[in-house]
Amino acid sequence: MAKTILITGASSGIGEATARAAAKAGWNVALCARSKDKIEALADEIGDTALALPCDVTKLDETRQALDKATEHFGGVDAVYANAGTGVEKPGVETGDPQEWHDMIHVNILAVLYSAHAAIPHLKKTKGHFLVTGSKAGRDTFKGSVYSATKHFVHGFGENLAEEMREWGGRVTVIAPGMVNTAFFDEPKPSKIQPEDVANAVVYAISQPDTAAVREIYIMPND
Ligand code: NJP
């Protein structure tokens, strides 16, 4: 029976590319994002092995409902990729906007926790896999960057969650890219990492035998 992955932030960029790559690799894909029209169009393109589940990841109930619907539709959830994330317009601490920090922390930190909390009961049944998009910015120092600090949280949390989930055979992977050519930036970045490159890394992580837990994949542009 085909395995199922639920992907948040599936309406564009890394999440959209991962949905296509996972479907091509034989997975059922449950697509979560707020942009209903985009995930429905992507699900139509992929076909019967895709399901669009409109969802705001900052709302725990909506994430829970999406996981329940994916389980009902496909018979179980084997992997959850908490990929939804956002940045801020105003950089720095002195010059930053506290309301922007609030909104970003809600998506990049709290919603990752919500996704893990909601996913574990499902993943426990399948000895499944939780993946999350960290960043090079979660490994290094970036002057005054609150975004980078949210990704430091993701990297620390990913390691801690891996220790919790290994007790029942679960696995956690932090996907840590440098700059990726997505809508995250206003201008195209054709010489940087392509979303498909990150998608390939996700498919690699979820395709390993039970004996191998790929804890982190760090990808940098090669320009
Ligand atoms: O960006 P983009 P990426 N509820 O803007 C979704 C990290 N990263 O693919 O809701 C549900 O194309 C949004 O969907 P919608 C980055 O931090 C990037 O680059 O419809 N979904 C969209 O699908 C993030 O964690 C780079 O607006 C919500 C998606 O998030 C991840 O990669 C480098 C949501 C954003 O897609 C994917 O970003 C790096 C919500 N409340 C890490 N809020 C890079 N691009 O260079 C947002 O190291 N979304």
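Guide: Helices here are DSSP runs of H or I with at least four residues, and strands are DSSP runs of E with at least two, both numbered from the N terminus. This is a predicted model, where local features need pLDDT of at least 70, side-chain atom pairs count only at pLDDT 80 or more, and totals for chains, interfaces and linings use all residues. Residues are numbered from 1 along each chain as its sequence is written, and side-chain values use heavy atoms, with hydrogens and water left out.

Visitor: Let's start with W27: buried or exposed?

Guide: W27 sits in the loop between α1 and β2. The cut-offs are under 20% relative accessible area for buried, over 50% for exposed and partly exposed in between, using a 1.4 Å probe and protein chains only. W27 has 9%, so it counts as buried.

Visitor: And what is W27 in contact with, beyond its neighbours within four places in sequence?

Guide: Contact means heavy atoms within 4.5 Å. Leaving aside the neighbours within four places in sequence, W27 is in contact with K3, T4, I5, A22, T49, D78, A79 and I206.

Visitor: Helix α1 comes just before that loop. Why are α1 and α6 called oblique to each other?

Guide: Axes are lines fitted to C-alpha atoms, for helices over the stretch in contact, and angles run from 0 to 180 degrees between N-to-C directions. Under 35 degrees is roughly parallel, over 145 roughly antiparallel, 65 to 115 roughly perpendicular, and the rest oblique. Helix α1 (residues 13-24) and helix α6 (residues 195-206) have their axes 8 Å apart and pack at about 55°. That is why α1 and α6 come out as oblique.

Visitor: What sort of residues make up the contact of α1 with α6?

Guide: On the α1 side you have G13, I14, A17, T18, A21 and A22, and they meet P195, E196, V198, A199, V202 and V203 in α6. Ala, Val, Leu, Ile, Met, Phe, Trp, Tyr, Cys and Pro count as nonpolar, Asp, Glu, Lys and Arg as charged, and the others, Gly among them, as polar. By that scheme, the contact of α1 with α6 divides into nine nonpolar, two polar and one charged.

Visitor: How are α1 and α2 oriented: roughly parallel or roughly antiparallel?

Guide: Helix α2 covers residues 36-46, and its axis is 11 Å from that of α1. The two pack at an angle of about 20°, so α1 and α2 are roughly parallel.

Visitor: How many charged residues are in the contact of α1 with α2?

Guide: E16, A19, R20 and A23 in α1 meet L42, E45 and I46 in α2. Of the residues in this contact, four are nonpolar and none polar, and the number of charged ones is three.

Visitor: Which element supplies the largest share of the largest nonpolar core?

Guide: A nonpolar core is a set of buried Ala, Val, Leu, Ile, Met, Phe, Trp, Tyr and Cys residues joined through side-chain atoms within 4.5 Å. The largest one has 32 residues, and L6, L53, V80, L123, F130, L161 and M165 have the most contacts inside it. Several elements supply at least two residues each, among them β2 (28-33), α3 (60-74) and α5 (146-165). The largest share, seven residues, comes from α4.

Visitor: How many residues does the other core have?

Guide: This core lies apart from the largest one, and A19, L31, I175 and V202 are among its members. Its residue count is 30.

Visitor: Which residues does V80 contact, leaving aside those within four places in sequence?

Guide: V80 is one of the residues with the most contacts inside the largest core. Leaving aside those sequence neighbours, V80 is in contact with L6, L67, A119, L123, H129, F130 and L131.

Visitor: What is odd about the backbone at K127, and what is its phi?

Guide: Most residues other than glycine have a negative phi. K127 lies in the loop between α4 and β5, and is exposed at 56% relative accessible area. Though not a glycine, K127 has a positive phi, of about 50°.

Visitor: What does T63 touch, not counting residues up to four places away in sequence?

Guide: T63 is in helix α3, and at 4% relative accessibility it counts as buried. Not counting residues up to four places away, T63 touches C55, D56, V57, S115 and A118.

Visitor: Last one: how far apart are the C-alpha atoms of D140 and H152?

Guide: D140 is in the loop between β5 and α5 and is partly exposed, at 26%. Beyond its neighbours within four places, D140 is in contact with S148, H152 and Y218. D140 and H152 are 12 residues apart along the chain, and their C-alpha atoms are separated by 8.4 Å.
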